[in-house]
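Q: I'd like a close look at one part of this protein, with enough background to place it. Could you walk me through it in plain bench language?
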Amino acid sequence: MGVMRIGHASLKVMDIDAAVDHYETVIGMKTTHRGKDGSAFLKCWDEWDKYSVVLTPSDRAGLNHIAYKVERDSDLDVLEKRIRDWGLGVEPVPADGLQFCGRSLKMTLPSGHQMYLYAQKELVGKDVGTTNPDPWPDDIRGAGAHWLDHCLLMAEVNPAKGVNRVAETTKFLMETMDFHLSEQIMGGLGNSVQLASWLFRTTTPHDIAFAPAPVAGLHHIAFFLDDWSSVKHAADVMAKKKVRIDVAPTRHGITRGETTYFFDPSGNRNETFAGLGYLAQPDMPVITWTEEELGRGIFYHTGQLNEAFLKVYT
Ligand SMILES: [Fe+2]
């Protein structure tokens, strides 16, 4: 029971047509619905629900909300009580409050991000169907991403003020929604401060992650690819389409993932991410990276963070 996976991310974009073109031709998603307000709903070919990304026209970039799908409708009742008992406000939202979804729960995480939980979303099906399916569809485009995999959110950490929203939100997700901690970065005096966390509900190393920042924001949303050659192919697509690449293909120490970071036309950071990393299980001992090895944890080969990596986000 409980949370299964990330369901969707709703992003603000400044040029909706440029954004739709990016998510369709670079990421390889398809638009499944356009709203009267210009908003766009998109899915990857290997996803079965109606959308995993929502783009809404705005005068700035950034995150509207993230949404996670739970297994059963009755899980929402259990989770609502747990969240209330934990001391966080939670608002029941009727069906279609989240478009094409059943009833949902809405809350503001301790990190400041808006999160929804829902159990049902309109079923569209994978592009390859379910009867004797081919391994991939013929009309694959761009990176041909399989699915929206995870997000990394920036949360306020200010030890001088006694504020650590990374640790607080990590604790909240573990205690109310049974997220498991796979990896963390510890720093400060005697490496006693949790500066970043990677949490999972699936069997991959992360479905959501948190990193420290002066103010809350979105660091990136990540799309899953098969393997290293798919990561390279996706970067080729980006170069051909003059996409602004933040970090060229490399490997993470944390999660062991193979990665490229880049920006959508509004400046929201995307990642194409490959590899299982390792089999994440609830009883796996937590992996800890110390602040001194932060660079290698993020970019394993160079061990160097680029200047913009932790400073630029939406
Ligand atoms: Fe990521």
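How many helices and strands does the protein have? And for the close look: which residues are the protein donors of the iron ion, and how far from it do they lie?

A: Keep in mind throughout that this is a predicted model. On your opening question, the protein has five helices and 18 strands.

A bit of background before we zoom in. For a chain of 314 residues, a compact globule would come out with a radius of gyration near 20 Å, and this protein has 19 Å, which agrees. Measure along the principal axes and the C-alpha atoms fill a box of roughly 55 × 45 × 40 Å. Of the 314 residues, 55% count as buried. The accessible surface comes to about 13,500 Å², with 53% of that belonging to carbon and sulfur atoms. Sequence-distant pairs matter for the contact count too: taking contacts with a separation of 6 or more, 66% involve residues 24 or more positions apart. As for charge, there are 32 positive and 41 negative ones, and their mean positions are 2 Å apart.

Now the iron ion. Its protein donors are His 150 through NE2, His 220 through NE2 and Glu 271 through OE, at 2.0 to 2.1 Å from the metal. Read along the chain, the donors follow the spacing H-x69-H-x50-E. His 150 sits in strand S9 (residues 147-158) and Glu 271 in strand S17 (residues 269-274), so this pair ties together parts that are 121 residues apart in sequence. Are those two buried or exposed? Both His 150 and Glu 271 are buried.

One residue in contact with a donor is worth a stop: His 206. You'll find His 206 in the loop between strand S12 (193-200) and strand S13 (208-213). Its relative accessible area is 4%, so His 206 counts as buried, the cut-off for that being under 20%. Setting aside neighbours within four places in sequence, His 206 is in contact with Asp 149, His 150, Trp 198, Leu 199, Phe 200, Thr 255 and Phe 273. So which of the iron donors is in that set? His 150 is among the contacts of His 206, and His 150 is also one of the protein donors of the iron ion. His 206 and Cys 151 are 55 residues apart in sequence, yet their C-alpha atoms are 8.6 Å apart in space.

From there, Phe 200 leads on to another loop. Phe 200 is in contact with His 206, and Pro 282 contacts Phe 200 as well as His 180, again leaving aside sequence neighbours within four places. Pro 282 is found in the loop between S17 and strand S18 (287-290), and S17 is the strand that holds the donor Glu 271. Pro 282 has 57% relative accessibility, so it counts as exposed. Its C-alpha is 30 Å from that of Thr 130, a residue 152 positions away along the chain.

Last, two backbone spots you may want to look at. Arg 256 has a positive phi of about 65 degrees although it is not a glycine. Arg 256 is placed in the loop between strand S15 (245-251) and strand S16 (258-263), and at 45% relative accessibility it counts as partly exposed. Phe 100 also has a positive phi, near 65 degrees, and isn't a glycine; Phe 100 lies in the loop between strand S6 (91-93) and strand S7 (104-108).

Conventions. Residues numbered from 1 in each chain as written. Predicted model: local features only at pLDDT ≥ 70, side-chain atom pairs only at ≥ 80, totals over all residues. Heavy atoms only, no water. Helix = DSSP H or I, 4+ residues; strand = E, 2+ residues; numbered from the N terminus. Rg over C-alpha atoms; globule rule 2.2 N^0.38 Å. Buried < 20%, exposed > 50% of the residue type's maximum accessible area, 1.4 Å probe, protein only. Contact = heavy atoms within 4.5 Å. Areas by Shrake-Rupley, 256 points an atom, 1.4 Å probe, with all protein chains shown as cover. Lys, Arg positive; Asp, Glu negative; His and termini not counted. Charge placed at Lys NZ, Arg CZ, Asp CG, Glu CD. Donors = N, O, S within 2.8 Å, 3.2 Å for Na, K, Ca; no water.
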